[in-house]
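Trainee: Could we take a close look at the empty space inside this protein, starting with the largest pocket? I would like to know what lines it.

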Amino acid sequence: MELLSLNFFIYTMGGIWRPVEWTSGRSKLLYNVFSFCTIVPMYFLMVTQFMDLVLVVDNVDDFITNSLMFMTIVAVCCKATTAMVRRDLIIDLVQTLSREPCKPQDADEAAIQTKFDEFIRSCSIKYSLLATSSVTGVTVRSVLNTMQGVLPYRAWLPYDSTLSFAFWITSFQQIISVIFDTIINVGTETLVFGLILQTCAQLEIFERRLHKLVIGRTTGKAAGEQPGWSSADPPLHEEMISGYIRHHLRIYEYARTVNGVFNQILFVQFFGSILTLCTSVYYLSSHIMESAAATLVIYTICMFVQIYVYCWSGNEVILKSTNVGDAIYHTDWPLLTISEKKDLLMIMRRSTIPIKFTSSFLITLSLQSYSNVSIATVN
């Protein structure tokens, strides 16, 4: 897929997204085996950490440190499962942007699409670098713990992990699982980020089309002629206006579909992030001088960046969707006919309802919500 190709490539590396182009039976089988080898150890780590929290942990400090990783693994498992189960819906979302009326129709619209694509790609690369630096530090610490005879992460295991072979296999499995968890996390965050910002791209393309429409009408009137828009040919005029209205409604439908596909991911992400941030900040307040606190500080910063990515992109869509009415108002609409004014008024009334992305009932993706979460975490 040309759109969001980098984001889907990250998903492919994480073992949860077989490229659409791989249609042969052999390629499907090999990738399914790869997916099995990445997903099953991840779920095994989640289950064993949960059992450790329930059966083994007996003090607050251990519970806090173990629950941080456990909540992260739960969120990643939710993301991986959603991506695989709703694969067809995600493919259809991307294909919607490549079909009429969303597909760019001229050089100006193509330039708008390219601008957003490059911005999404740039942000995805920067976010990937941040996550890479974080997981590198965690992996180094895990390797050092393993060399000292300690498992990278506490877990309740149904076998004796003190045996040499079992210990090294379990350590390897935990380290590899966390690395793939990071890849899936990056892939999901950047993909959702990209799909949300594609709403902004469509709204900007829509504004451009309306602007050209009004310019074409007013220029034709000033010249005393309206090629292709004459009163003798009203069906053509009505067809073009209705096409723009359908495009506007399609943008809203696209946004609702994106929200519906990733709704559970957003809920789990924000619910887990709020618990994790509150827990980690509380733990750091009393253990800030310990050497292990450095890793937790980096982890906390990454969590703040993680929810900021969602909230900022959602906020941009809110602003862009409500700006459509202002963009129409600043055109030369007084020169249009009454019928045309009514059509534009219908679009303006629709734009008074902003496009909002939500995580179920928990939170609306906006900078205001991010501020509330940050303040609640610190307090």
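**The lining of the largest pocket**

Mentor: Helix H5 is the place to begin, since with eight residues H5 contributes the most to the lining of the largest pocket. Please keep in mind throughout that this is a predicted model. The pocket encloses about 950 Å³ of space, and the elements that supply two or more residues to its lining are helix H3 (60-85), helix H5 (107-147), helix H6 (164-223) and helix H9 (293-329). In total 34 residues line the pocket, and those that lie nearest its centre are Met-69, Val-138, Arg-141, Tyr-153 and Tyr-299. Sorted by class, the lining of this pocket consists of 20 nonpolar, 10 polar and four charged residues.

The enclosed spaces can be read alongside the pocket. The structure holds two cavities of 30 Å³ or more, and the largest cavity contains about 70 Å³ of space. This cavity is lined by 13 residues, with Thr-72, Ala-75, Gln-269, Met-303 and Gln-306 closest to its centre. Two or more lining residues come from each of H3, helix H8 (263-287) and H9, and the largest share, five residues, belongs to H8. By class, the lining of the largest cavity comprises five nonpolar, seven polar and one charged residues. When you inspect the model, H3 and H9 are worth following, as they appear among the elements that give two or more residues to the lining of the largest pocket and also among those that do so for the largest cavity.

Note on methods
Residues numbered from 1 in each chain as written. Predicted model: local features only at pLDDT ≥ 70, side-chain atom pairs only at ≥ 80, totals over all residues. Heavy atoms only, no water. 1 Å grid on protein atoms, 1.4 Å probe; cavity = no way out; pocket = protein on both sides within 12 Å on 5 of 7 lines; lining within 4 Å. Points joined across faces, edges and corners; volume = space filled by probe spheres on them. Helix = DSSP H or I, 4+ residues; strand = E, 2+ residues; numbered from the N terminus. Nonpolar A, V, L, I, M, F, W, Y, C, P; charged D, E, K, R; others polar.
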